[in-house]
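Please load the model in your viewer and keep the selection tool at hand. The stops below go from the whole chain to single residues.

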Amino acid sequence: ADRQAREREAKRLKSRITDLERRISEKEQAVRDLEHLMASPGFYQDRVAAEKAVAERQALLDEVAAAMSDWESLQSAVEAVR
């Protein structure tokens, strides 16, 4: 029974890890898309749009960092359950 409980917990954690990996990948792609846009000629001529894009990029990077931290914690938790 104890082993089954550990296996269930490990499966639950791995499912959360998979979800986090997907979210991290999506956010990283959004960052790359913004960076591509920001590298386009004349992008910074519209200061308001440029400032918004820079702020959005930073917010995405912060979200990725937080998700990576969660991912690391979950990986450690999986190891601890085994």
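The tour starts with the whole chain, then takes the cores, then four residues.

**Before selecting anything**

This is a predicted model, in which local features need pLDDT of at least 70 and side-chain atom pairs count only at pLDDT 80 or more, while totals for chains, interfaces and linings use all residues. Residues are numbered from 1 along each chain as its sequence is written, and side-chain values use heavy atoms, with hydrogens and water left out.

**Stop 1: the whole chain**

Show the protein chain as a cartoon: it has 2 helices and 0 strands. Helices (H or I, at least four residues) and strands (E, at least two) are DSSP runs, numbered from the N terminus. Turn the C-alpha trace along its principal axes, where it spans about 65 × 15 × 15 Å. The radius of gyration is 19 Å, whereas a compact globule of 82 residues would have one near 12 Å; the value is taken over C-alpha atoms, and the globule rule is 2.2 Å times the number of residues to the power 0.38.

Of the 82 residues, 21% are buried. Buried means under 20% relative accessible area, exposed over 50%, and partly exposed in between (1.4 Å probe, protein chains only). Contact here means heavy atoms within 4.5 Å. Among contacts between residues at least 6 apart in sequence, 71% join residues at least 24 apart.

**Stop 2: the nonpolar cores**

Select A10, L13, I17, L20, I24, V64, A67, L74, V78 and V81, the 10 residues of the largest nonpolar core. Helices α1 (2-38) and α2 (47-81) each supply at least two residues of this core. Apart from it lies another core, of 7 residues, including V31, M38, F43 and A50. A nonpolar core is a set of buried Ala, Val, Leu, Ile, Met, Phe, Trp, Tyr and Cys residues joined through side-chain atoms within 4.5 Å. In soluble globular proteins, nonpolar side chains tend to be buried together.

**Stop 3: V78**

Now select V78, in helix α2. Is V78 buried or exposed? V78 counts as buried because its relative accessibility is 2%. Leaving aside neighbours within four places in sequence, V78 is in contact with A10, L13, K14 and I17. From V78, draw a C-alpha to C-alpha distance to E9: the two are 69 residues apart in sequence and 8.1 Å apart in space.

**Stop 4: W71**

Go along helix α2 to W71. W71 has a relative accessible area of 23%, so it is partly exposed. Its contacts, without neighbours within four places in sequence, are I17, L20, E21 and I24. The C-alpha atoms of W71 and D19 are 9.6 Å apart, with their places 52 residues apart in sequence.

**Stop 5: K27**

Cross to helix α1 and select K27. K27 counts as partly exposed because its relative accessibility is 27%. Beyond neighbours within four places in sequence, K27 is in contact with L60, E63 and V64. V64 is 37 residues from K27 in sequence, and their C-alpha atoms are 6.5 Å apart.

**Stop 6: S40**

Finish at S40, in the loop between α1 and α2. At 28% relative accessibility, S40 counts as partly exposed. Which distance separates the C-alpha atoms of S40 and E72? They are 35 Å apart, at 32 residues along the chain.
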